[in-house]
Amino acid sequence: MSVESGFSHLLAPLDLGFTTLKNRVLMGSMHTGLEDHKKDFPKLAAYFAERAAGEVGLMVTGGIAPGLRGSLMPSPSGLFSRLQVPRHKLVTSAVHAADGKICMQILHGGRYSYHPLSVAPSAIQSPITPFKPKALSSKGVEKQIQNFVRATRLALESGYDGVEIMGSEGYFINEFTTTHVNKRTDQWGGSTQNRYRIAQEILSRCREVAGKDFIIIYRLSMLDLLPDGNSWDEIVEQAKMAEASGATLLNTGIGWHEARIPTIATMVPRGAFSWVTARMRPEVNIPVITTNRINTPQVAEDILARGDADMVSMARPLLADAEFVRKVRLGRPEEINICIACNQACLDHTFSGKTCSCLVNPRACRETELNYRPTKNVKAMAVVGAGPAGLAFATVAAGRGHRVSLFDQSAEIGGQFNMAKKIPGKEEFSASLDYFRGEVERTEVDLQLNTCIAAEDLAGYDEVILATGVYPRKLDLPGIDHDKVVSYIDVLSKKAKIGRRVAIIGAGGIGFDVAEFLSHPDDHDPSRDPFEAFASEWGIDVSLKARGGVEGVKAQPPKSPREIWLLQRRAGKPGKTLGKTTGWIHRLSLRHRGVHMMGGVSYESIDDQGLHISIDGEQQCLEVDHIVVCAGQVSNRDLAESLEGRGLSVHIIGGAQKASELDAKYAIREGSELAARL
Ligand code: FAD
Ligand code: NAP
Ligand code: SF4
């Protein structure tokens, strides 16, 4: 059944000759951690089946190694033995039963592999792994090629609809194709033809074993983002080679993992790299797929309507909402739970060895464990606090059939998310609030704003949920009541007009965010194209004349309107507690803006002169106009205390429950899990 929709390009089928994809959405490869253990394959099958039922045109698995040496981690998330076929069949049968299609990504980690058996074209260690790879002999290269071919044969046997050969992001094949780490002088190094030979051999031999009715996607590094990356002409040559060697589809890869330019984090503008794919599209005769920071149906539709690509790849957006495509087809795009590109529960988990999930959708990768089933025992519930924890609880509980009233003393829902969304580069947080606003309506939560709840208001409810959040921590410091001292709330709500010289006490997530907020111009220039500003700040050549897209291009970060000191008591450089995959971007962004970041600071006092501190026993005064306190939080338990002894069934969640190490991932997950149980 089809429903009228304004997304005709996105929903158009794609005929590949031997098979037809039902729409233009590819779910890009994401390592979930479920691939790593045989026992987790039933969960992996449920995860993919749910997305197939959500009508994604084609899905790609997380990276599957073609052999032990190519494994990213020491654990065997690979396909190199017949014994591994049955577990992969669980996945393919579940997907096919849900009328979906799935390709297996063959990923050889090369020098990015996190174990001592890693191999690469040359023995050059990567800056992001602790192991130096072994340079392959000619025989060794041949062995790795054969492994790709074996993985393709086994993928076919496992029932996959195709494979994606990973040739980008600085992994094994990409290491051969650029001179950055390929220093070989044999037939696998030197000229472009020699460097590309490995991709050509892998593609043509995989096509040979797979036959013609099997999808082969080649993920090509279209922009290496390294000074000695490939030139555009060389990349086009590689694309033509891939087509001639049997690739069915050409996917876009942007940037090596070691490149110090953000490519998918939340500050990257939506659809920021589709222009690269657009330049490639006329060069080849096979469909091209574009990728990176495409997270709404409108962004995807616009890209396709402009003709930048034949398909769009979205990965994290399908973690955030398995029903993304189905909701578009049914004409309900506003119901999509949007990925805010925070990386907090997906990539940060993957790189810490934890199973991947999603901040806005804690069910992701837990489809067999966390389910929101209709209740048989309808209760009256009061939820105090419409921050992320309260919103998640209220909407899930009401969705299950409970009668839920949600109260907040503010005039809008969202709690601290209303501050987060004001940080330059974190505007996506407002998309999450839009989603929750819709969910509150759809699940018929009785929302009462501008309502400060006291203990006596809660009599008569079967369950009371306190999601009252946090208070900023107050400091005990001589001069803390001085007019110069403000809280981050005063800054972000623009209650205080902040001067030209500012010290920030506390360099956690909020301290960094406040530094970002104060180092951007106070008045945003709406005429400036966000992508142009991004490319200029990070030094990307949009004309594609520079090698790797960056060679010789000077990054031009905007000047901060303020001189800012970001301080912490802990020794060492601030920023160590930030997200694993995004912390470096925050640190670099502030460095670009000239923010002074100092650790090992003792705060002495505040007076008219400024903030007096000492570092290693040496006293100094930061002569600043304002001191912003971002020194963490304490739980708001006021209501919890006054409810004690009243005989109510009370549950405390989110920041009200735990202030240290609190974040929205924790708040949303806790709210959702409690709502699934009650
Ligand atoms: P809150 O969001 O604090 O919500 C509590 C709500 O309770 C408030 O709306 C309040 O008005 C209401 N309330 C309190 N008492 C009463 C009462 N008696 N009656 C009625 N209503 C009441 N987290 C991340 O994970 N990633 C980020 O990138 C991130 N960035 C941030 C940036 C900033 C600038 C800030 C300030 C926070 C950021 N956070 C981030 C933290 C995240 O927003 C919090 O962890 C999360 O909001 C906590 O959710 P909560 O529901 O527990 O509490
Ligand atoms: P936080 O990350 O715990 O940082 C608190 C900071 O205050 C630390 O730098 C701490 O460092 C300092 N501090 C603590 N007690 C102090 C004291 N008594 N005197 C002086 N300094 C003190 O907390 P937050 O910045 O308030 O953030 C709240 C939560 O929101 C965090 O859990 C964070 O994960 C989340 N958040 C996340 C992001 C993100 O990008 N992922 C962004 C914003 C917020 P020292 O003790 O070394 O001085
Ligand atoms: Fe997107 Fe954040 Fe969810 Fe990852 S955790 S899928 S980045 S919303």
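**Exercise 1. Which residue follows α9, and what is the sign of its phi?**

Before we start, two bits of housekeeping. This is a predicted model, where local features need pLDDT of at least 70, side-chain atom pairs count only at pLDDT 80 or more, and totals for chains, interfaces and linings use all residues. Residues are numbered from 1 along each chain as its sequence is written, and side-chain values use heavy atoms, with hydrogens and water left out.

Solution.
- Step 1: find the helix. α9 covers residues 297–306; helices here are DSSP runs of H or I with at least four residues, strands are runs of E with at least two, and both are numbered from the N terminus.
- Step 2: go to what comes after. That is Gly 307, and its phi is positive, near 85°.

**Exercise 2. Work out which residues of α9 are buried and what covers them.**

Solution.
- Step 1: set the cut-offs. Buried means under 20% relative accessible area, exposed means over 50%, and partly exposed is in between (1.4 Å probe, protein chains only).
- Step 2: pick out the residues. Pro 297, Val 299, Ala 300, Glu 301, Ile 303 and Leu 304 are buried.
- Step 3: look for the cover, using contacts (heavy atoms within 4.5 Å). The elements over these buried residues include two strands, β11 (288–290) and β12 (311–314), along with the helices α1 (8–11), α8 (274–280) and α11 (324–329).

**Exercise 3. Find where Glu 55 and Ala 341 sit, and check their phi and burial.**

Solution.
- Step 1: take Glu 55. You'll find Glu 55 in the loop between α2 (41–53) and β4 (58–64). Its phi is positive, about 80°, although Glu 55 is not a glycine. With a relative accessible area of 14%, Glu 55 is buried.
- Step 2: take Ala 341. This one lies in the loop between α11 and α12 (347–350). Phi of Ala 341 is near 60°, again a positive value in a residue other than glycine. Ala 341 is buried too, at a relative accessible area of 2%.

**Exercise 4. Count the disulfides, then check Cys 356.**

Solution.
- Step 1: recall the chemistry. A disulfide is a covalent bond between the sulfur atoms of two cysteines.
- Step 2: apply the rule, a pair of cysteine sulfur atoms within 2.5 Å. The count comes to zero.
- Step 3: check one case. Cys 356 is in no disulfide, and the nearest cysteine sulfur, that of Cys 365, is 4.4 Å away. Cys 356 is buried, with a relative accessible area of 2%.

**Exercise 5. Describe the surroundings of Thr 368.**

Solution.
- Step 1: place it. Thr 368 is in the loop between α12 and β13 (380–384).
- Step 2: check its exposure. At 46% relative accessibility, Thr 368 counts as partly exposed.
- Step 3: list its partners. Leaving out residues up to four places away in sequence, Thr 368 touches Lys 43 and Ala 46.
- Step 4: try a distance. From C-alpha to C-alpha, Thr 368 and Lys 101 are 21 Å apart in space, with their places 267 residues apart in sequence.

**Exercise 6. Sum up the whole fold in numbers.**

Solution.
- Step 1: count elements. The protein has 21 helices and 27 strands.
- Step 2: gauge the extent. The C-alpha trace spans about 75 × 65 × 45 Å along its principal axes.
- Step 3: check burial. Of the 678 residues, 60% count as buried.
- Step 4: look at the contacts. Among those between residues at least 6 apart in sequence, 72% join residues at least 24 apart.

How values were computed:
Chains are lettered from A and ligands numbered from 1 in the order in which they are written.
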